[in-house]
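Me: I would like to know how the labels used for a protein model are justified. Can we go through some of them in turn?
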Amino acid sequence: MNPQSPSSPVRIAAIQTISGPDVQANLDVVAGLIAEAAAGGAKLVALPEYFPVISKDEAAKVRIREAEGAGPLQDFLADAARRHGVWLIGGTIPLVAEAEDKVRNSTLVFDDQGRPVARYDKIHLFGFQRGEERYDEAVTIEPGGTVACFDSPAGRTGLSVCYDLRFPELFRAMGEVDLIVLPAAFTYTTGRAHWEVLLRARAIENQCYLMAPAQGGRHPSGRVTWGHTMIIDPWGEILACREEGPGVVIAELDPARIAAVRESLPALRHRCLA
């Protein structure tokens, strides 16, 4: 157990959306779901990747990008965290990149007073092509390069985003964490094939909880995301899941469960390779 681990169970919540091109409409939906999560007793709430906007025009996110520390999207997150008294993991929002025509796909974390406490820029950029289905995030996104962890009410928490899920070395680089959070917008094709098995593997091999808030459904752009927002325990058991549509998934993170799993099967102590 980490010295920062909570002493008793804490409720955590993952939010699922089907974001479209209208930023304000998306924020209105998210605001209601954050309120629902807080009313359900959650102390830590996480939003999905691209929660402010998903558009057929990939340059839409470039037009709404913000400098770190200032902007309406960051104000929204800070205000929501403060108003509801929750720690809020802001899925991803577009922040300024070095390239003028790109963004950083960034996760920002705010504490229950609305203060910024952590940032993670998505490192691995998704590229996929099968028939007419094609994605290339590198066209509009500039990758990050720094692993990010922070101390939250749920203990030591590591940040990752979507396609990062396929790169287990990122999660090893976090060290021992109590919780991994992975906001995502998995495609239907890749999600159906690999989403659950990879999420459960990351939880099992790191012997921690994993919370994956996702986009889930058919978007106005025509894109279809897999959804299946999940919270998974350190033994790989799915504690809660929402398959499709906007909603809230809530479960308890129990530090005693982490300790028991690591004591009965001390795989983290048995590692031989750095």
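Me: How many residues of each class are in the lining of the second largest pocket?
Reply: The model is a predicted one. In the lining of the second largest pocket, six residues are nonpolar, four polar and three charged. Gly69, Ala70, Gln74, Phe110 and Pro116 are the closest to the pocket's centre.

Me: Why is Tyr163 called buried?
Reply: Buried means under 20% relative accessible area. Tyr163 has 19% relative accessibility, so Tyr163 counts as buried.

Me: What makes the pair of Tyr163 and Phe167 edge-to-face?
Reply: Planes over 60 degrees apart count as edge-to-face, and ring centres must lie within 6.5 Å to pair. The centres of Tyr163 and Phe167 are 5.2 Å apart, with 80 degrees between the planes, so both conditions are met. Both residues also belong to one aromatic cluster with Phe126.

Me: Why is the pair of Tyr188 and Trp226 called edge-to-face?
Reply: Their ring centres are 4.9 Å apart and their planes are at 75 degrees, so the pair passes the cut-offs of 6.5 Å and 60 degrees. Tyr188 lies in helix α5 and Trp226 in strand β14, 38 residues apart, and the pair links distant parts of the chain.

Me: Why is Tyr188 called partly exposed, and why is Trp226 called buried?
Reply: Partly exposed covers the range between 20% and 50%. Tyr188 is at 37% and therefore counts as partly exposed. Trp226 is at 14%, which is under 20%, so Trp226 counts as buried.

Conventions
Residues are numbered from 1 along each chain as its sequence is written. This is a predicted model: local features need pLDDT of at least 70, side-chain atom pairs count only at pLDDT 80 or more; totals for chains, interfaces and linings use all residues. Side-chain values use heavy atoms; hydrogens and water are left out. Rings of Phe, Tyr and Trp (its six-membered ring) pair if their centres lie within 6.5 Å; planes under 30 degrees apart count as stacked, over 60 as edge-to-face and the rest as tilted. Buried means under 20% relative accessible area, exposed over 50%, partly exposed in between (1.4 Å probe, protein chains only). Helices (H or I, at least four residues) and strands (E, at least two) are DSSP runs, numbered from the N terminus. On a 1 Å grid over the protein atoms alone, a cavity is a set of points where a 1.4 Å probe fits but cannot get out, and a pocket is an open set with protein on both sides within 12 Å along at least five of seven lines; lining residues have an atom within 4 Å of a point. Ala, Val, Leu, Ile, Met, Phe, Trp, Tyr, Cys and Pro count as nonpolar, Asp, Glu, Lys and Arg as charged, and the others, Gly among them, as polar.
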